[in-house]
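Biologist: I would like a close look at a single part of this model. Please take one helix and its surroundings, and keep it brisk.

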Amino acid sequence: MTNEKINNCCCGGKEKFHKIENDNTCTVCKTSGVKVKNITVRHLVDNTLTELVGDTDYYICMNEECDIVYYNPESGVKFYKQQVKVPIWFKKDANPKYACYCSKVTEEQVIDAVIKHGAKTVKDIIEITGAMKNSQCIKNNPLGKCCHKIIQEAIDKGLSMK
């Protein structure tokens, strides 16, 4: 894996998080969300609910206290934490708390790599934990984006604990 890919994204593209306008806030907590592609939602909601997803994109509620994960303000369809196949790392009580969903590497493993093995960069984490090796972020990461930013946040957390 090249440094360019590591700095940008394990999926080969530049990581972009799109904040949405205030009229697309969570239907429950009124917190602004982030747009998520339909393919991500379809892949991560329970199999019995995939037909409810439809063909439109969704938003993910970024409020750690809110039980809503995905919502579509136009259709009114929403999916709760218990209706999604994976724990959402930034939601309260997420267990496990994944830093890389594709390779199933947890925040705890990243922090452990920093504290016990001296990791300081995303490249170090990839070598030590195997994170970012199975990149299918659009299907596996609840944001549908590369996990680079999440891993970096876990590295920073680990460095602050040293």
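Biologist: Before the helix, one residue: is K104 buried, exposed or partly exposed? Then please go through α4, residues 107-117.

Modeller: Bear in mind that this is a predicted model. K104 is partly exposed, with a relative accessible area of 45%. Its place is in the loop between β5 and β6. K104 is not a glycine, yet its phi is positive, at about 55°.

Now the helix itself. In α4, the buried residues are E107, V110, I111, A113 and V114. Viewed down the axis of α4, these buried residues fall within an arc of 155°, so they line one face of the helix. The general rule is that an α-helix has 3.6 residues a turn, so residues three or four places apart point the same way. The face of α4 turned away from the buried side carries exposed residues: E108, K116 and H117.

What does the buried side meet? The buried residues of α4 pack against two strands, β5 (98-100) and β6 (105-106). They also pack against the helices α5 and α7, the latter spanning 148-161.

Take α5 next. This helix covers residues 122-129. The axes of α4 and α5 come within 10 Å and cross at roughly 100°. An angle of 65 to 115 degrees counts as roughly perpendicular. The two helices, α4 and α5, are therefore roughly perpendicular to each other. On the α4 side, the contact is made by Q109, V110, A113, V114 and H117. On the α5 side, I125, I128 and T129 take part. By class, this contact of α4 with α5 has five nonpolar and three polar residues, and no charged ones. V110, A113 and V114 are buried residues of α4 and also take part in the contact with α5. H117 takes part in that contact too, but H117 is exposed.

Just after α4 comes G118, with a positive phi of about 75°. Beyond α5, look at M132. It lies in the loop between α5 and α6 (137-140). M132 also has a positive phi, about 65°, although it is not a glycine. M132 is buried, with a relative accessible area of 1%, whereas K104 is partly exposed.

One last backbone detail, on the way into β5. P96 is found in the loop between β4 (78-80) and β5. The peptide bond from N95 to P96 is cis, with omega near -5°.

Methods
Residues numbered from 1 in each chain as written. Predicted model: local features only at pLDDT ≥ 70, side-chain atom pairs only at ≥ 80, totals over all residues. Heavy atoms only, no water. Axes fitted to C-alpha atoms, helices over the stretch in contact; angles between N-to-C directions. Helix = DSSP H or I, 4+ residues; strand = E, 2+ residues; numbered from the N terminus. Parallel < 35°, antiparallel > 145°, perpendicular 65-115°, else oblique. Contact = heavy atoms within 4.5 Å. Nonpolar A, V, L, I, M, F, W, Y, C, P; charged D, E, K, R; others polar. Buried < 20%, exposed > 50% of the residue type's maximum accessible area, 1.4 Å probe, protein only. Arc of directions from axis to C-beta.
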